[in-house]
Amino acid sequence: DAEGSVWQRVVSADRNKLIDATNGIRDAFALDDESFLICFIDGGIRLYTYDPEAEDIVSAEITVAMDVEHRALTKALNLYQEKHKDVRIHIQYYATGTGEQKEAMNVQILAGGGPDIILLDSIDIEKYIEKGVLVDISDLVENYNRKQETYRNIINTYQVDGKVYAIPLRFMVPMICGKKEIVSKVSSLEDLVEYKKKHTDEVLFNKSLYDMARQLYLSSTPMLLNEEGKITRQTIEKYFNDLCRVCEKEDDFSEGNLNEDDDNIEDMDIQSSNKIQEMFDYIDGKSGVFLVCPRNVWEIAMLDAFLDASEEKGDISALSVNGEIIYNITSVLGINANSKHQDIAKEIIEIALESEIQSELSRDGLPISKKDMKEQESILEYLKGSVFGEEEGRQVTSDGDIKEIYSKYLDYCDQASICGDMVNRWPAYVVMDIVYESMQTGEPLS
C-alpha cells in the first residue's frame, strides 16, 4: 500500500513472464501512472500496467508437475502463457521433502485426477505406461520428426507397440576417455576388465569402487541385466566384482550407506570439482582413463582441452554393453491420460521442442533435434583460448580445434541404442546398499 506496510497482490506471477523462475529479475522501476518496468536477466524489459477494472477471464486451468525447477519446461510454459492469458497454469513440485508429494500425486493419478503434464525424470515411466497413465503422443512425435531431422534412436525411447508415451527433450552419451592405446581397445566394463588382466601394472581408474559406482549411477542398468532382461543378485555381484578389478583406491567406509537422497550420488558431470581433479590426475599420469558425459558443445570443448593437455593427445570411446552404445535421457515429458486439456498439454510440449528452447546450451544435455545441435556449433569459433579448470588452482586452454572429438561424439549419438537410465528399472541406491553391506561385513553378495 501507499505507506509501504501491507503487501498486496498486484498481478499473479503465473500469468506472465514472471512465471519463469529460472530467468531472474535484474531490476524493477515504478512509474507514475501505476505502471512498472521489470528488467530480466536475459536482457528482456517488460512494461506492466495495473488495471483494477480488467476482467480476469479463465477459460482453462492446467497443472504441470516437476520434480524440481526445470528451465526448458518453465520457459515453454512462459511462452505459451504469453499467447494465452486466459489459461491459468499451476506448477506442482513432487520431489520435495520425503517423497510424500510424489506418492500423493500417484494416488491422484490412479484415482482419475492428477497433473496434466508430468516431467518424468524421477518417475517409474515403464510402470506408468503399463498402468495406462500416459497418453499416446505418437502424432506429436511424428509431426516433429517430419518438421526436422531428429535423433530418432533417442526420441523413440518410450515407444511400446508402435505408440510413444513420453518424449525426452535432452540426452547425452557417456564416454570412456584417455590414452589412445587403451581407449582404442575398450568400450565396455568387460573390455576394461580384460585389458586390466593383460596389463596388471597399469592404473586404469584412480578411483574407489564407491566412487565408480556413483559415477555409473545413471548408466549402469544395461550392465545389470541378465539375458532375460532382469536384474538379479548374481548380475549385481558380477557388476561390482568387475568394478573392483578396474579400480585402484580402497574404499572409505566412514561415508556410510548411500540412500535415495545422498548428495554424493553423481553421474559424470565434467564441471564438478571431483571430475576436474580426476582429469588433472589423468594429465599427471596417475590414471589411464576416466569417465565423462558431455552435455553440450562447450563441455565437449572442455573435454578436448583436457585430452590435448596430456603428454599424448587422448581419445574417446562410447560406453557400451554387448556392443550397444549407452545413452542417458533427461527432461522427459508425458501427458496424463486423465487430463481434460490434452490439446493444451501437447501445444506446450511442442513449444518445448521449438528451436528457441532446443538450441540453448543446457546442462541438461544435448537437444534431440539435429538442426538445433547444429545451432550450438555457432560457438565453436569463439572457443579458442577458453580456459578450463581454474577453480582447482590449475588450468588447461582450448586451441579451438575440437572437430575430431566433436565429430566422433556426434557419430556415437547417432549410433546410441540402449538407454542407461537406472531410475525406471531399479532403485540404484538399493543396489549400492546391497554391495555396501557386503563390503562392510565381508560376506558374499550371492
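How do the residues of the lining of the second largest cavity divide into nonpolar, polar and charged, and what are the numbers in each group? This report takes up that question first and then turns to the salt bridges. The structure is a predicted model.

## The second largest cavity

The lining of the second largest cavity comprises seven nonpolar residues, with no polar and no charged ones. These lining residues are L189, L192, F205, M212, L216, L291 and L319. The space they line amounts to about 40 Å³. In the structure as a whole, two cavities reach 30 Å³ or more. As general background, empty space left between atoms is revealed by rolling over them a probe the size of a water molecule.

## Salt bridges

Searching the whole structure yields 24 salt bridges. The table presents three of them, each with the distance between nitrogen and oxygen.

| Salt bridge | N to O distance |
|---|---|
| E299 with R295 | 2.9 Å |
| K313 with D308 | 2.6 Å |
| K408 with D315 | 3.0 Å |

The surroundings of these pairs can be described one by one.

In the pair formed by E299 and R295, the relative accessibility of E299 is 0%, so E299 counts as buried. R295 has a relative accessibility of 7% and therefore also counts as buried, the cut-off for this class being under 20%.

The side chains of K313 and D308 also meet in a salt bridge. K313, at 25% relative accessibility, counts as partly exposed. D308 has a relative accessible area of 27% and is likewise partly exposed.

For the third pair, K408 and D315 are joined with their closest N and O atoms 3.0 Å apart. K408 belongs to helix α16 (residues 403-415) and D315 to strand β14 (residues 315-318), so this salt bridge ties together parts that lie 93 residues apart in sequence. The two partners fall into separate accessibility classes: K408 is partly exposed at 26% relative accessibility, whereas D315 is buried at 13%.

Beyond individual pairs, E190, K238, D242 and R245 are joined into one network by salt bridges that share partners.

## Summary

In this predicted model, the second largest cavity has a lining of seven nonpolar residues and holds about 40 Å³ of space. Among the 24 salt bridges found, the one between E299 and R295 has a buried residue in E299 and another in R295. The salt bridge of K408 and D315 connects helix α16 with strand β14.

Key:
Residues numbered from 1 in each chain as written. Predicted model: local features only at pLDDT ≥ 70, side-chain atom pairs only at ≥ 80, totals over all residues. Heavy atoms only, no water. Salt bridge = Lys/Arg side-chain N within 4 Å of Asp/Glu carboxyl O. Buried < 20%, exposed > 50% of the residue type's maximum accessible area, 1.4 Å probe, protein only. Helix = DSSP H or I, 4+ residues; strand = E, 2+ residues; numbered from the N terminus. 1 Å grid on protein atoms, 1.4 Å probe; cavity = no way out; pocket = protein on both sides within 12 Å on 5 of 7 lines; lining within 4 Å. Points joined across faces, edges and corners; volume = space filled by probe spheres on them. Nonpolar A, V, L, I, M, F, W, Y, C, P; charged D, E, K, R; others polar.
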